[in-house]
Amino acid sequence: MIDFLLDAPVPGSMDAVWHAGWPSPKHDPAPEIQVHAYTPNTVILRQNKSVHYEAPFLFLLFGNERALLIDTGATADPAHFPLRATVDALIEEWLTRNPRARYGLTVAHTHGHGDHVAGDGQFAGRPDTTIVGPGLDEVTAHFGLDDWPHRTAELDLGGRVLDLVPGPGHQAAALVFHDRHTGLLLTGDSLYPGRLYVEDRAAFAETVDRLVDFCAGRPITHVLGCHIEMTTRPDTDYPRGTTHQPDEPPLQLATTDLHDLRRALAETAGRSGSHPRGAFILVYRD
C-alpha cells in the first residue's frame, strides 16, 4: 500500500515540452495524446491540437483502491482520440508496479462543456468504472456536495484524498480539485493561461474568493488549468481555433495568479468585453 500522506505534498516534475500542434495538422507526427508523468502516481495528458484545437489537459490520479480521470477531452471517436486505450494502458502499467486484486476507475469532470466530456462514452461498460455525469444534480449527489456551492467535499481514492471545491461561474457545475498528495490545484477553465470566459459574474467572483480562502492555509504547489491559449508575450493570445501554437507559456500558474484574478474582477466590475491581465484574459460573456 502506498502512503499518500508521507511527505505530502510530494514534489513532481513539470519539465514537459507540451506538444502544441503542427503547421499541417494532417501531417502531425505526434500521437493524439501526450502523456507526462508528474509523479509515479500522477499523470497529465494533453489532447493534440491537430486532433482538436481546444487541446484540453486531462489528469489521471492513482490511489490505492481506484484511479480518478478528470475530464475526457474534446473528441468522442476513439479512432481519432484513443483515450480509453491510453488510460487502460496507464492503469495496467501502474498495476504492474502496484499489484491489486481489483482496481476501479472514477471518471469525473472539471465542468460539463463539450471539450471536457466528449470522451465519456469510451468508458461506458468498462468494468469497475463509475462515470459521474456533468450535470449539477449528478455532481452534487455523487460527491455529497450539500448546500452547493458553499461547502466543500472530500474524495478518497484509497488513502489519497482530494478536496472538491465548488467552482461555478464559468459553468454552473464547475468543480475544482485539490490533491493533498501533490498539492496540485486543478482549476479547470476557471484559471489557466488563456481566455477565462465568465458566464455568471457573481458566481465566478464567489468562486475566486472561495479558492483564495481555500489556498490560504494549504501548501499549493501548482495551479493547473485545462488549456493554454496565451503566447509568451504578455496579454497576447492565440486566435480561437488555432491548431499550432509554437510559442506557448508554461501550463502551471500559482496562487498569486488567483489573487491577480480577484483584483481583475474587482477592477472590471460593471464593464463588459475582454480584459488582458498578462497571464490570462478575463472575458465577460454577458
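**Cavity, pocket and cores of a predicted model**

In this predicted model, the count of cavities of 30 Å³ or more comes to one. That cavity, the largest, has a volume of about 70 Å³. A lining of 13 residues surrounds it, and those closest to its centre are Lys-49, Tyr-53, Glu-54, Arg-195 and Glu-229. Sorted by character, the lining of the largest cavity splits into four nonpolar, four polar and five charged residues. As for how such spaces turn up at all, rolling a probe the size of a water molecule over the atoms shows where empty space is left.

Next comes the open kind of space. The largest pocket has a volume of about 150 Å³. Its lining is made up of Glu-54, His-113, Asp-115, His-170, Asp-189, Tyr-192, Tyr-197, His-227, Glu-229, Arg-240 and Arg-285. Here the split is two nonpolar, three polar and six charged residues. A couple of names turn up twice: Glu-54 and Glu-229 help line this pocket, and both are also listed among the residues closest to the centre of the largest cavity.

Now for the greasy parts. The largest nonpolar core has 30 residues, and the ones with the most contacts inside it are Phe-59, Phe-143 and Phe-177. Quite a list of elements gives two or more residues to this core: the strands β3 (57-62), β4 (66-70), β7 (153-156), β8 (161-166), β9 (175-179) and β10 (184-188), along with the helix α3 (136-143). Strand β3 gives the most, with three residues.

Phe-177 is a good place to look at what a core residue touches. Leaving aside residues up to four places away in sequence, Phe-177 is in contact with Leu-68, Ile-70, Ala-108, His-109, Thr-110, Leu-162, Asp-163, Leu-164, Leu-184, Leu-185 and Leu-186. There is also a second, separate core of 23 residues, and its members include Phe-204, Val-212, Ile-220 and Leu-261.

Strand β4 ties several of these threads together. It is mostly covered, with four of its five residues buried. On one hand, β4 pairs with β3: the two strands run antiparallel and are joined by four bridges. A hairpin of three residues links β3 to β4. Within this pairing, Phe-59 has Ile-70 of β4 as its bridge partner. Phe-59 is one of the residues with the most contacts inside the largest core, while Ile-70 is one of the residues that Phe-177 touches. On the other hand, β4 pairs with strand β5 (residues 104-108), this time in the parallel sense, over five bridges. In that pairing, Leu-68 stands opposite Thr-106 of β5. Leu-68, too, is among the contacts of Phe-177.

Another strand worth a look is β11 (residues 195-198), which is covered on both faces. Arg-195 and Tyr-197 are buried on one side, and Leu-196 and Val-198 are buried on the other. This strand runs parallel to β14 (residues 281-284), and four bridges join the two. One of the matched pairs is Val-198 with its bridge partner Tyr-284 in β14. The covered residues of β11 also link back to the empty spaces: Arg-195 is among the residues closest to the centre of the largest cavity, and Tyr-197 helps line the largest pocket.

Gly-114 sits in helix α2 (residues 114-117). Gly-114 counts as partly exposed because its relative accessibility is 48%. Not counting residues up to four places away in sequence, Gly-114 touches Gly-73 and Ala-74. Its C-alpha atom is also 8.6 Å from that of Thr-75, although the two residues are 39 apart along the chain.

Finally, a few spots in the backbone stand out. A cis peptide bond, with omega about 0°, joins Ala-8 and Pro-9, and Pro-9 lies in the segment before β1 (33-39). Another cis bond runs from Trp-148 to Pro-149, with omega near 0°. Pro-149 is placed in the loop between α3 and β7, and so is Asp-147. Asp-147 has a positive phi near 55°, in a residue other than glycine. At 44% relative accessibility, Asp-147 is partly exposed. Ala-55 also has a positive phi, near 45°, and its place is in the loop between β2 (42-47) and β3. Is Ala-55 buried or exposed? With a relative accessible area of 0%, Ala-55 is buried.

Notes
Residues are numbered from 1 along each chain as its sequence is written. This is a predicted model: local features need pLDDT of at least 70, side-chain atom pairs count only at pLDDT 80 or more; totals for chains, interfaces and linings use all residues. Side-chain values use heavy atoms; hydrogens and water are left out. A nonpolar core is a set of buried Ala, Val, Leu, Ile, Met, Phe, Trp, Tyr and Cys residues joined through side-chain atoms within 4.5 Å. Buried means under 20% relative accessible area, exposed over 50%, partly exposed in between (1.4 Å probe, protein chains only). Contact means heavy atoms within 4.5 Å. On a 1 Å grid over the protein atoms alone, a cavity is a set of points where a 1.4 Å probe fits but cannot get out, and a pocket is an open set with protein on both sides within 12 Å along at least five of seven lines; lining residues have an atom within 4 Å of a point. Grid points are joined across faces, edges and corners, and a volume is the space filled by probe spheres set on the points. Ala, Val, Leu, Ile, Met, Phe, Trp, Tyr, Cys and Pro count as nonpolar, Asp, Glu, Lys and Arg as charged, and the others, Gly among them, as polar. Two strands pair if DSSP finds at least two bridges between them.
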